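Let's take a walk through this fold together, strand by strand and then side chain by side chain. Have the sequence and the 3D view open side by side as you read.

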Amino acid sequence: MTKFYRIIFSVIISALLFAGCAKQIKQDTEPFKKAVTEYLQEQHMGMKVYEFKELQVTEDKATAKIKMQEASGITNLKVTWSFEFDKKDAWKVTSHKE
């Protein structure tokens, strides 16, 4: 029985460590998602936001790593792009890197 409890204990500890390593974004991503959506439409890019991987905000500037996918959803391919933002009245994308 002791070996069984060690295995169970190891599995529980591993699960807790794995769950603790997941990054959680604390900022509200909605204004940035709106800015990216507008930017993509202006640039005539057939992409859409899938999920935010990272978001760093410093006063009126921000950077984000965002997982993108093809807008029509025909393919399941997802790529991560880096975006830079400036804020005047609202957040606006200033550049991106694929």
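What follows starts with the strands, then turns to the rings and the charged pairs. Keep in mind that this is a predicted model.

Start at strand S1, residues 47-58, and follow the chain into strand S2, residues 61-70. The two run antiparallel and are joined by 10 bridges. If you want a landmark in that pairing, find Val49, which stands opposite Met68 in S2. The hairpin of S1 and S2 has two residues between the strands, and Glu59 takes a positive phi there, near 50°.

Now move along to strand S3, residues 78-87. S2 and S3 also run antiparallel, with nine bridges between them. Here a handy landmark is Ala62, whose bridge partner in S3 is Phe85. From S3 you carry on to strand S4, residues 91-97, which pairs with S3 over six bridges, again in the antiparallel sense. Three residues sit between S3 and S4 in their hairpin, and across that pairing Asp86 stands opposite Lys92 in S4. Both of those residues will come back when we get to the charges.

While you have the strands on screen, one general point helps with reading side chains. In a regular strand, side chains alternate between the two faces of the sheet.

Next, the rings. A search of the whole structure turns up five aromatic pairs. Take Trp81 and Phe83: their ring centres are 6.1 Å apart and their planes meet at 40°, so this pair counts as tilted. Both Trp81 and Phe83 are buried. They belong to one aromatic cluster, together with Phe32, Tyr39, Phe85 and Trp91. You've already met Phe85 as the bridge partner of Ala62. Another ring worth a look is that of Tyr50, because the charged end of Lys78 sits over this ring, 4.5 Å from its centre, and a charge counts as over a ring if NZ of Lys is within 6 Å of the centre and within 35 degrees of the ring normal.

That brings us to the charged side chains. Side chains of opposite charge can pair when their charged atoms come close. In this model the count comes to four salt bridges. One of them joins Lys92 and Glu38, at 3.4 Å from N to O. This pair links distant parts of the chain, with Lys92 in strand S4 and Glu38 in helix H2 (residues 30-42), 54 residues apart. Lys92 is partly exposed, with a relative accessible area of 45%, and Glu38 is partly exposed too, at 26%.

Asp86 has a salt bridge as well, with Lys61, at 2.9 Å from N to O. Asp86 lies in S3 and Lys61 in S2, so the pair ties together parts that are 25 residues apart in sequence. Asp86 is partly exposed at 23% relative accessibility, and Lys61 is partly exposed at 46%.

Back on S1 and S2, Glu51 and Lys67 meet in a salt bridge at 4.0 Å from N to O. Glu51 is in S1 and Lys67 in S2, 16 residues apart. Which residues are linked with them in a network of salt bridges? Follow the side chains and you arrive at Lys53, which is linked with Glu51 and Lys67 in that network. As for accessibility, Glu51 is partly exposed at 31%, and Lys67 is partly exposed at 22%.

Notes
Residues are numbered from 1 along each chain as its sequence is written. This is a predicted model: local features need pLDDT of at least 70, side-chain atom pairs count only at pLDDT 80 or more; totals for chains, interfaces and linings use all residues. Side-chain values use heavy atoms; hydrogens and water are left out. Two strands pair if DSSP finds at least two bridges between them. Helices (H or I, at least four residues) and strands (E, at least two) are DSSP runs, numbered from the N terminus. Rings of Phe, Tyr and Trp (its six-membered ring) pair if their centres lie within 6.5 Å; planes under 30 degrees apart count as stacked, over 60 as edge-to-face and the rest as tilted. Buried means under 20% relative accessible area, exposed over 50%, partly exposed in between (1.4 Å probe, protein chains only).
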